[in-house]
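Work through the following exercises with the structure at hand. Each task is followed by a solution in steps.

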Amino acid sequence: MEEISFYCTPEQAHDQEYLKSVIAKQRKKNDAFKFKWHKRSIDARKKNIKVRCSFHVYKSSESIPENYKPTFKKLNPNKTIHIIGLGPAGLFAALTALEEGYKPIVYERGKAVKDRIKDIGKLNRKGIVNENSNYCFGEGGAGTYSDGKLYTRSKKRGAVQQVLETFVHFGANEDILVEAHPHIGTNKLPRIVAAISDKIVEMGGEINFDHKLTGINTNADKITSIELNHELTVSVDKILLATGHSARDVFELLHENKIKIQAKPFALGVRVEHSQEFIDKAQYHGRKSDAFIPPASYRLVTQARDKGVYSFCMCPGGIIAPCATKNEEVVTNGWSPSKRNNPYANSGIVVSVSPEDLKNPENPFCGVEFQQYIEHKAWLSAGKNQKVPAQKLEDFMNDTLSIDFPRSSYQPGIESVKMDEIFPDFIIDRLRAAFIDFNKKIPGFITNDAVLHAPESRTSSPILIPRDKHSFHHVEITNLYPCAEGAGYAGGIVSAAIDGINCVQAIERLK
Ligand SMILES: Cc1cc2nc3c(=O)[nH]c(=O)nc-3n(C[C@H](O)[C@H](O)[C@H](O)COP(=O)(O)OP(=O)(O)OC[C@H]3O[C@@H](n4cnc5c(N)ncnc54)[C@H](O)[C@@H]3O)c2cc1C
């Protein structure tokens, strides 16, 4: 196999005959060959937009390596892992358990996707939050109704590839293995997530929906049993806790049981929405996205008075979603369908927050309490339903209440509220400083055609559940494996999935 890379126009990158001819020329051999896309990325730094194409090229006699697919061992009935939470971490932990011959027994507070979608509908249309079934809780976790962006800063390329190829095995498009910024899309994720769950059950795993972890019983350095829905008690051997960053009741449960947790830095701010056409033209030198170049995205980072302010989870062609997990709070995040074909471009713009910025930094719940305070204040000020406080961006910069708005993608509706009624000065001042910098990077970014929606508060967990670096178990409770985003060891779908795999492999390695 040889790797061949070159630049071409976006149109040429879609022309198989053209690609084949360039590859043939670069090979300088006359024998027959076959080729497979390896990586594809858009280079829009100059007006003349290029695509960097990279291929794996094989002699016709060579076979193309197959993608990773899970292979399962015979289950050993004495080996069980109890997994709490069926987000990306729980799904991949359960698959890995089956690959290692363990029986995964999963408890998930939410519903299967086919029922969860009804609660998501009620949330969008009527502003009713089901506290166990929403954008964060249910089969597939917070990843199911997300954009499904699959890029990660993880340097573990092998592990990233395994996760991507597993998604392909369960129904994702092969393009995710090639694109520099792969994404699946909200319309496709639920089916893929359900296919993974079905395989887990088919191979002997157990998935219990509508089962919320409500109690923990410990003896010395072990959890001996857990309670579910306040009524069912189950003995456990190994317990993998993958409940995500929004399960505040789980943090409380650990704390009540004197299981160590600690405050950690996180980030919080607003979700800004521009028109996708504006972002396309800004990023593509006046060109709109089309059949050959995808809707454009951006990634912005700056320092404002010693704190990082950055764009988070940017969704081209996306929709802003109501992501509260309780009544009396509002929270935003964003998703997009696989084609990213909505006329909006939204992104979190968030300020780094550390425990030292808050009251009582030694209290492990200082970050959670700050999030709750902001989310509740936003709920109060926008009408005590799932409407969110909104302000046009230029009005925000000029400290003016917005009178009218361009259309917003946020379905439950928006209410004109000044952002400084919601956030303290240390957030507001840094957001303003950051927007000035972002306006230099994307001229026209500050405009009254863009709307801030508040708050974007669930970017990462404000709590760390400390674990041993080598064994991955909790620093004090030796059969508890704090896993992925809620425990502070992942941020995003791919890194959560990798952490799920790693925790189970650590259990197997150290058995
Ligand atoms: C709208 C939206 C869009 C997003 N877009 C992207 C994106 O494009 N790309 C990306 O990488 N990331 C995205 N994210 C973030 C991503 O979804 C998370 O980083 C990821 O899902 C974390 O995985 P996890 O398994 O650690 O936890 P989660 O996905 O949060 O899963 C935790 C699970 O635990 C369950 N649970 C909680 N408490 C209990 C309990 N007491 N008992 C039993 N079960 C419990 C929950 O119901 C949930 O299903 C998005 C998130 C949202 C909300």
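**Exercise 1.** In this predicted model, find which strands helix H7 lies across, and its angle to S12.

Solution. Helix H7 covers residues 276-283. The strands it lies across are S12 (266-275) and S17 (344-353). Relative to S12, helix H7 runs at about 95 degrees.

**Exercise 2.** Place helix H10 and describe the sheet formed by seven strands.

Solution. Helix H10, residues 425-441, lies across S12, S13, S14 (307-315), S17 and S20. Its direction makes about 135 degrees with S13. The sheet is open and mixed in its pairing, with the order S13-S14-S17-S12-S20-S18-S19. Because S13 (301-304) and S19 (414-416) each have a single partner strand, they stand at the edges, and one side of each lacks a neighbour in the sheet. On average, neighbouring strands are turned by 35 degrees against each other, direction ignored. Within this order, S18 (388-392) and S20 (451-456) pair in the antiparallel sense over three bridges. Gln-391 is found opposite Leu-452 of S20.

**Exercise 3.** Check the span of helix H1 and determine how its buried residues are arranged.

Solution. The twelve residues of H1 (16-27), at 1.5 Å a residue, should span 16 Å; the end C-alpha atoms are 16 Å apart, so the two agree. The buried residues are Leu-19, Val-22, Ile-23 and Arg-27. Down the axis of H1 they fall within an arc of 135 degrees, and therefore line one face of the helix. These residues pack against strands S1 (2-8), S2 (33-43) and S3 (50-59). On the other side of H1, Glu-17 and Lys-25 are exposed.

Notes
Residues are numbered from 1 along each chain as its sequence is written. This is a predicted model: local features need pLDDT of at least 70, side-chain atom pairs count only at pLDDT 80 or more; totals for chains, interfaces and linings use all residues. Side-chain values use heavy atoms; hydrogens and water are left out. Helices (H or I, at least four residues) and strands (E, at least two) are DSSP runs, numbered from the N terminus. The expected span of a helix is 1.5 Å times one less than its number of residues. Buried means under 20% relative accessible area, exposed over 50%, partly exposed in between (1.4 Å probe, protein chains only). The arc is that of the directions from the helix axis to the C-beta atoms. Contact means heavy atoms within 4.5 Å. Two strands pair if DSSP finds at least two bridges between them. Axes are lines fitted to C-alpha atoms, for helices over the stretch in contact, and angles run from 0 to 180 degrees between N-to-C directions.
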